[in-house]
Amino acid sequence: MKTLLQFKNVSKHYDKKTVALSDVSFSVNEGELVSIIGPSGAGKSTLLRCINRLIDATSGEIIFEDKDVLQIKNKSKMRALRTKIGMIFQNYNLVERLSVFENVLHGRLGYKSALVGALGFYSEEEKQQAIKILQSLGLDEQIYKRCDQLSGGQKQRVGIARALIQEPRVLLADEPIASLDPSSSKVIMDQLKKICSTLGITVLVNLHQLDVALNYSDRVIGISKGRVVYDGDPASLTDDHIQQIYGSDREALNLVVREPKEVAQKI
Amino acid sequence: MAVDNQARSTLINGGGPSFQKERIKLRLMSKSRLAIRLTMLALAILTVVGFLTFDYRDVHLLKGIMSTFANFKTIFAQPQLAHFSLSEAIYQLLVTLSLGVLTTLIGAIIALFLGIFAAENLSNKKVSNVIKGFVALIRAVPTVLWVLIFAVSAGLGSVAAVIGMSFHSISYLTKAYSESFEELDAGTIEALEGCGASWWQIVCQAVLPSSLTSLISWTFIRFEINFGVSVAMGAAAGAGGIGYDMFMDSAFYYNLHEMGVITYLILVVAMLLEFMSLKIKNKVRS
Ligand SMILES: Nc1ncnc2c1ncn2[C@@H]1O[C@H](COP(=O)(O)OP(=O)(O)O)[C@@H](O)[C@H]1O
Ligand SMILES: [Mg+2]
């Protein structure tokens, strides 16, 4: 299998005291669904944002499609990079006052000249593509609704549609189900799985629900205090590893994982 | 005192040990609250001193109030035209209204660009601070003074009024607009950046649609202000319009009946504006 993304000794310091990532190295193959788990403040969001340069890493190399993204200085090259990387967020981050359709089409802005995109001109093919994606996500009845009238689960699906219309090679998901109820969470995770297996898009997803991570992912990367402490099969993640990732608070741990597979079945 | 406190705490705690000797404060006294208190106190003292030292020599308070009411009665109960016809009055009213529209429009267009560069989430901190400081300075001087300042070079009249009023509108709307832009969720901007959208695309596709309602309502508020100011400018700066007629009636002909008509006309326009702004806002929101 081909390597799509590789972190080599990546570090990120926000200031002298806050070290969000230190010496992070791992690689991701094409078509994999990788979960990144860890407690709040571990550096998961920072890690994802370093890939599409929403945050600039302090040192190291991030190789995406055989090029180091940290070397990109040129604005148009940066836009070209970002079109290949879709991203969804915990708070959906849609333009709430615009329609579902317009929000999805925003995913095409990276391909357009500044003026055409600013005026909101989209080609018929792009519109058809948007409708097709919305249909596949079960949102065909909501196309002309304003986003502030949607439920959380629907908003997240709009977020996914906006990312998919970019025709990305990798999809980054920053806690996509943290604000959703269990049944919407399941819908979203199933969609991510489907995107990965049928479209061949690599998915990197930050999760703090360990059970979900274990159930859906091909591989788990555990980080704690900015360091990778586990990188491997979800099946071989032991209690010791979990303790290493989440710290030594036994009480809290028991709440998170007792019988991961069983808990996950319920949602 | 001590006994009293003891008794009270007995009531509160049902005879248990007293935890609270003093009354519980709702808020902590901060520096800014202290400053506000001192200011209020100073103002109160000044007011009292003012009333005590006024020069009342020939003014009889009661008589003064009575004759003011008599004038009000003439204005509001017996309005009547004398020096011009109703259509002329309405034409002058339109002149005044146009002055308000023009200055608001000029202000809105320029303030839109300044507001974008003054918004901290769209611009960099330095540019934002420079623009914000500059418009704050302009705003600190009242509109009427700006008109008079421009009258030095343009002469008293409509030109000075347009420039001066636009000037103040720009600074007012720049502040209002930039604050509306800053309300936009940082995550939304981040998401569009992540899609590869450029800065102008983000402004046009996310920032403007999200803040449209508040932009419109601020612009309308400014229009209402500018309408009021243009009435005053007709008198004070010779900008023409209904304000000039009103000034002539009050200071020259001393015709309170005609002033009554003008007052009613202005009132009607003000109410119409209010009604229109409500309608537009509802339309934009849905
Ligand atoms: N913009 C920022 N400025 C300063 N420190 C930050 C910023 N964003 C995150 N941090 C710090 O970096 C660390 C990692 O944060 P984050 O990547 O958000 O963790 P996670 O997503 O795992 O909760 C935290 O200690 C956080 O306080
Ligand atoms: Mg996070």
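Helices, in the sense used on this tour, are DSSP runs of H or I at least four residues long, and strands are runs of E of at least two, both numbered from the N terminus. The model on screen is a predicted one.

Begin by selecting residues 259–278 of chain B, a span that is 100% helix and 0% strand, with its end C-alpha atoms lying 29 Å apart. These residues make up one of the stretches that UniProt, in an unreviewed entry, marks as "transmembrane region"; the others named there are 34–54, 89–119, 140–163, 199–220 and 227–247 of chain B. Move next to residues 89–119 of chain B, where the chain is 97% helix and 0% strand and where the end C-alpha atoms are 43 Å apart.

Now widen the selection to residues 93–277 of chain B, to which the unreviewed UniProt entry assigns the feature "domain: ABC transmembrane type-1". This span is 86% helix and 0% strand, and the C-alpha atoms at its ends are 19 Å apart.

With the whole of chain B selected, the count comes to 11 helices and zero strands, and the order along the sequence reads α-α-α-α-α-α-α-α-α-α-α. Chain B is more spread out than a compact globule, because its radius of gyration is 27 Å, well over the 19 Å that the globule rule gives for 286 residues. Taken along the principal axes, the C-alpha atoms of chain B fill a box of roughly 85 × 70 × 40 Å.

Switch to chain A, which contains 11 helices and 10 strands. The radius of gyration of chain A is 19 Å, which agrees with the value near 18 Å that a compact globule of 267 residues would have. The corresponding box for the C-alpha atoms of chain A, again along the principal axes, is roughly 55 × 45 × 35 Å.

While still in chain A, display the side chains of Glu167(A) and Arg108(A), which meet in a salt bridge with an N to O distance of 3.9 Å. Glu167(A) sits in the loop between α6 (152–164) and β7 (170–174) of chain A, and Arg108(A) in the loop between α3 (100–105) and α4 of chain A, so the pair ties together parts that are 59 residues apart in sequence. Over all chains, the structure holds 21 salt bridges.

Finally, show both chains and turn to the place where they touch, a contact that takes 28 residues from chain A and 23 residues from chain B. Together the chains bury about 1,900 Å² between them, with 53% of that area on carbon and sulfur atoms. On the side of chain A, the residues to select are Asn93(A), Arg97(A) and Ala118(A), which lose the most area to chain B and together account for 26% of what that side buries.

Which residues form the salt bridge between Arg49(A) and its partner in chain B? Selecting Glu190(B) together with Arg49(A) shows the pair, whose closest N and O atoms are 2.6 Å apart, and the rule finds one salt bridge across this interface. Polar contacts between chain A and chain B number 11 residue pairs, with both residues at pLDDT 80 or more. To see which elements of chain A take part, colour α2 (75–83) and α4 (114–119), each of which supplies at least two residues of the side that touches chain B. The largest share, four residues, comes from α4(A), and the residues of that side of chain A divide into 11 nonpolar, 10 polar and seven charged.

Definitions and conventions
Residues are numbered from 1 along each chain as its sequence is written. Chains are lettered from A and ligands numbered from 1 in the order in which they are written. Side-chain values use heavy atoms; hydrogens and water are left out. Contact means heavy atoms within 4.5 Å. Buried area is the accessible area (1.4 Å probe) that two parts lose on being put together, summed over both. A salt bridge is a side-chain nitrogen of Lys or Arg within 4 Å of a carboxyl oxygen of Asp or Glu. A polar contact is a pair of N or O atoms within 3.5 Å; within protein, one must be able to donate a hydrogen and the other to accept it, and residues adjacent in sequence count only if both atoms are side-chain atoms. Ala, Val, Leu, Ile, Met, Phe, Trp, Tyr, Cys and Pro count as nonpolar, Asp, Glu, Lys and Arg as charged, and the others, Gly among them, as polar. UniProt positions are given in the numbering used here, feature names are shortened, and annotations may be inferred rather than shown by experiment. The radius of gyration is taken over C-alpha atoms; the globule rule is 2.2 Å times the number of residues to the power 0.38.
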